[in-house]
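Reader: Please take a close look at helix packing in this model, and then connect that part to whatever surrounds it. I work with geometry every day, so spell out the cut-offs as you go.

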Amino acid sequence: MYQMVTDNPSTEKFYALDFLPSPLADQFAAAYKELLEDHNSREILVLKRIPCNLDALADHIQNTLGLMIRPDVQSLPQHASHVVELNDPDIDRLAYEQRIELLGDVIESTDWETLIDEATTRFDNVRWPDNYQRADVIEFLQIASEQDSFGRDVGQVLLEATRQGGFSPPNDDAERHILTAALACLNDLFHDRLDSHGLVERANIVPRATDALQDDTTYSHAASEFKAILALEFEEYTVNDRQYLAQLANDADLIAIGERNASIQRVKTEPGELDDLRDGCVIDFDLGDPAILDEAGGAYRSDTDPGQIASYLATGTEPMDSVSAVHLHESTFRDQISAVANEVEYLRHGTDAEYGDFAVVVNDLGDRLSEARRHLRAAGLPTKTVGAPALAEDPAVTELYAFVQFLLNRDTEAESWLTARLEGFSPDFAEACNTGPIEHRLNRWIVNTDLKERIAAGKSHIEMQEQFQNIERVTDLARFIDQTTLLDSDLPTFKHVLERAIRFDAAYTHTIETSPQMYGVTVTDIQGIKHEAYNTVFLLGVVDDEYPGGERLTPLFPKPWLMDMPDYPALTEVDDDTVDATYGTFTGERSTSAFDAYYHHRERRKLALGARAATDHLYFCTYDSQDNGLGRAYNPSRYLYRLKDQDWSVFNDLSMESDDRPIQTREKVAEYILDQPWGELEGIVNAAHTGQTAEIEDTEEVFGVIQGLLSEDDVDPVFADAVASQFAIARGEVMHSD
């Protein structure tokens, strides 16, 4: 392990807080105030480990302490990137889309037999999977590499390994699994190629910055910008992060704050609790009194129901009094989100709450978050996120791809798309943009077709920002192709690169904004809400398939193989002592493997952090199936069952299907109106068949309200026609298309 020798007289204090039933923003402000006793705001650097909601934290510290100067709050990776640039101003960091293509190119040119031979030659102590020989492993890699997802899956594993400084077993004597040994060789091959062209992968920033700080000139420049450091979320600092902090704080006062039973990032790669990090750290900390921060931070929300539920989930501590929450259940995942949207509007109309007071939270970044955001917007709710939407979701990106495809071969499908998107499109119009570097061609199309103006005219401010951002991602990729010597700088290459970027681009996984949009319902994952507070929090998908679900780490390898890979870039070798040393909720009893138990407790902890973010209203949301078909059934999470079984818990069960909740969103109104012709007329027919008297006055009243609504000026004529069609079909009329 990296060691640092120094006679630095500066002070290093460590606050280890027990899990609190509210986020730690007030405690962070109190620690900042402590540093203000010897320093002014311009001399204090705040490093937050999870790189999101930085502006919100800076605002909270400034407002809480009444500061004239806004605190300098940065994420640790963000600051490390600054240090790397100080050391090498000409360094070129790979964008996510560029990495996809360059790594894909390396993978496609790899001979797996040669790679296995290199791995066995390079590493002396290699472990082979049970009952598998060299030929079997080579065949496995060859077959796997033919799958469309192989490049993405390999890329994710290499990304995690790079963040941790490579594929390294827990100790020098441990055997290396042949597959991780092969991936280590592949990763080195990829980075050698990047180094030879002056490129650096963003995941490699922290280790490079640590090395850069050993240069006296670089350290002098970096250290001149602060005299004190406040390191937040220390429970999430990995070995690389702790080494970077030690090097950076060599001549500065340092306060670090961590929280027990709260790590969700670090524990995926490194077991143990917060106190283990302090005891084994390269920094010689003095232990601070947590009561000082609690007292200075003011009264935290210890008596709120969500906070007490969170404490139970994180530590097993039971509340003294009864607590309540809501269990919202619907038939499908989409119905669940629609019900959430309706509940937001219901609460908004019944109180003075604003959209910014609500958060909709999924387990992890990815498709679920994207789907939730899309359905909430369809229901008429503005949303804000901390990531960049996937390229595949953006029609403006699809338009640029169609433009490139048309220029290449006059593709008829691309022409149809462009014709639908752009009134008056002609082949000559596209060819007029087809000169110069690829970036210039795209920019010429963007300007000549008024693409940004078209986006601005038909989208909300948030949607407009996101589409502008994605357009910039595409043009940046074109500039990279124009300038790099690693790939051919021509249109066919760019088309291939853009196609792969769209296909492999995972929603919200690669870009974390330090300044997300400021208006709308927050849609995020558990990590993004860790130290945030909202009046109302909806935890989506609290089903057993997600909390705890089954941690596969990667779809590349079978789970039994993963559990036999000590050098995999995540924790794979687990026993009961490991679980007990990491989670306060482990009782020593388990019904699964230690590996499963370890990651199950991690999911319980994530659920706790999501619950803690609510100040007033907490909703656990579940659903029966993914869609309305006969697909897989999903059961509520075992942790939700456990909560509902406690004597001290009171759950209000809510469902749009069975509860008399008024319809509030335009999506639900539209569904209701479209259902009315069938529902009302079916009631009349049933009454006639049974000899009863139909309440025709009620039906007339409903139809009259609908007619009045459809006559309003702002009603979409397409929707009005759809309602008219439903009435006609319900009456038995045959509809003819024009």
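Author: Let's begin with the words for helix directions: angles under 35 degrees count as roughly parallel, over 145 as roughly antiparallel, 65 to 115 as roughly perpendicular, and the rest as oblique. Helices (H or I, at least four residues) and strands (E, at least two) are DSSP runs, numbered from the N terminus. Axes are lines fitted to C-alpha atoms, for helices over the stretch in contact, and angles run from 0 to 180 degrees between N-to-C directions.

A word on the origin of the values. The model is predicted, with local features needing pLDDT of at least 70 and side-chain atom pairs counted only at pLDDT 80 or more, while totals for chains, interfaces and linings use all residues. Residues are numbered from 1 along each chain as its sequence is written, and side-chain values use heavy atoms, leaving out hydrogens and water.

Now to the helix pair. Helix α4 (residues 96-108) packs against helix α23 (residues 491-504) at an angle of about 105°, and their axes are 9 Å apart. The two helices, α4 and α23, are therefore roughly perpendicular to each other. On the α4 side the contact (heavy atoms within 4.5 Å) uses Tyr96, Glu97, Ile100, Glu101, Gly104, Asp105 and Glu108; on the α23 side it uses His496, Val497, Arg500, Ala501 and Phe504.

Zooming out, the protein has 30 helices and 17 strands. Among contacts between residues at least 6 apart in sequence, 78% join residues at least 24 apart. Of the 738 residues, 54% count as buried, where buried means under 20% relative accessible area, exposed over 50%, and partly exposed in between (1.4 Å probe, protein chains only).

Helices also pack on sheets here. Two strands pair if DSSP finds at least two bridges between them. One open sheet has six strands, in the order β3-β2-β8-β9-β1-β10, and its pairing is parallel. Its edges are β3 (72-75) and β10 (286-287), each with a single partner strand, so one side of each has no neighbour in the sheet. Helix α3 (residues 76-87) packs on this sheet, where it touches β2 (44-48) and β3, and its direction makes about 90° with that of β3. Elsewhere in the sheet, strand β1 (residues 12-17) runs parallel to strand β9 (residues 253-259), joined to it by six bridges. Within that pairing, Lys13 stands opposite Ile255 of β9.

Past β9, the loop leading to α12 (274-279) holds Asn261. Phi of Asn261 is near 60°, a positive value in a residue other than glycine, and Asn261 is buried at a relative accessible area of 12%. Asp450 also has a positive phi, near 55°; it lies in the loop between α20 (438-448) and α21 (451-458) and is partly exposed, at 40% relative accessibility.

The other open sheet to look at has seven strands with parallel pairing, in the order β13-β14-β12-β15-β16-β11-β17. Here β13 (383-384) and β17 (649-654) are the edge strands, each pairing on one side only. Six bridges link strand β11 (residues 323-332) to β17, and the two run parallel. Ser649 of β17 is the bridge partner of Val323. Helix α27 (residues 638-645) packs on the sheet and touches β11, β16 and β17, with its direction at about 120° to that of β17. Helix α26 (residues 594-612) lies across β15 and β16 (614-625), at about 130° to β16.

The loop between β15 (534-539) and α24 contains Pro548, and the peptide bond from Tyr547 to Pro548 is cis, with omega near 15°.

Helix α24 brings us to the rings. Rings of Phe, Tyr and Trp (its six-membered ring) pair if their centres lie within 6.5 Å; planes under 30 degrees apart count as stacked, over 60 as edge-to-face, and the rest as tilted. The structure holds 20 aromatic pairs. One of them is Tyr132 with Trp561, edge-to-face at 5.0 Å centre to centre and 85° between the planes. Tyr132 is in the loop between β5 (126-127) and α6 (134-145) and Trp561 is in helix α24 (residues 559-562), so this pair ties together parts 429 residues apart in sequence. Tyr132 is partly exposed at 32% relative accessible area, whereas Trp561 is buried at 12%.
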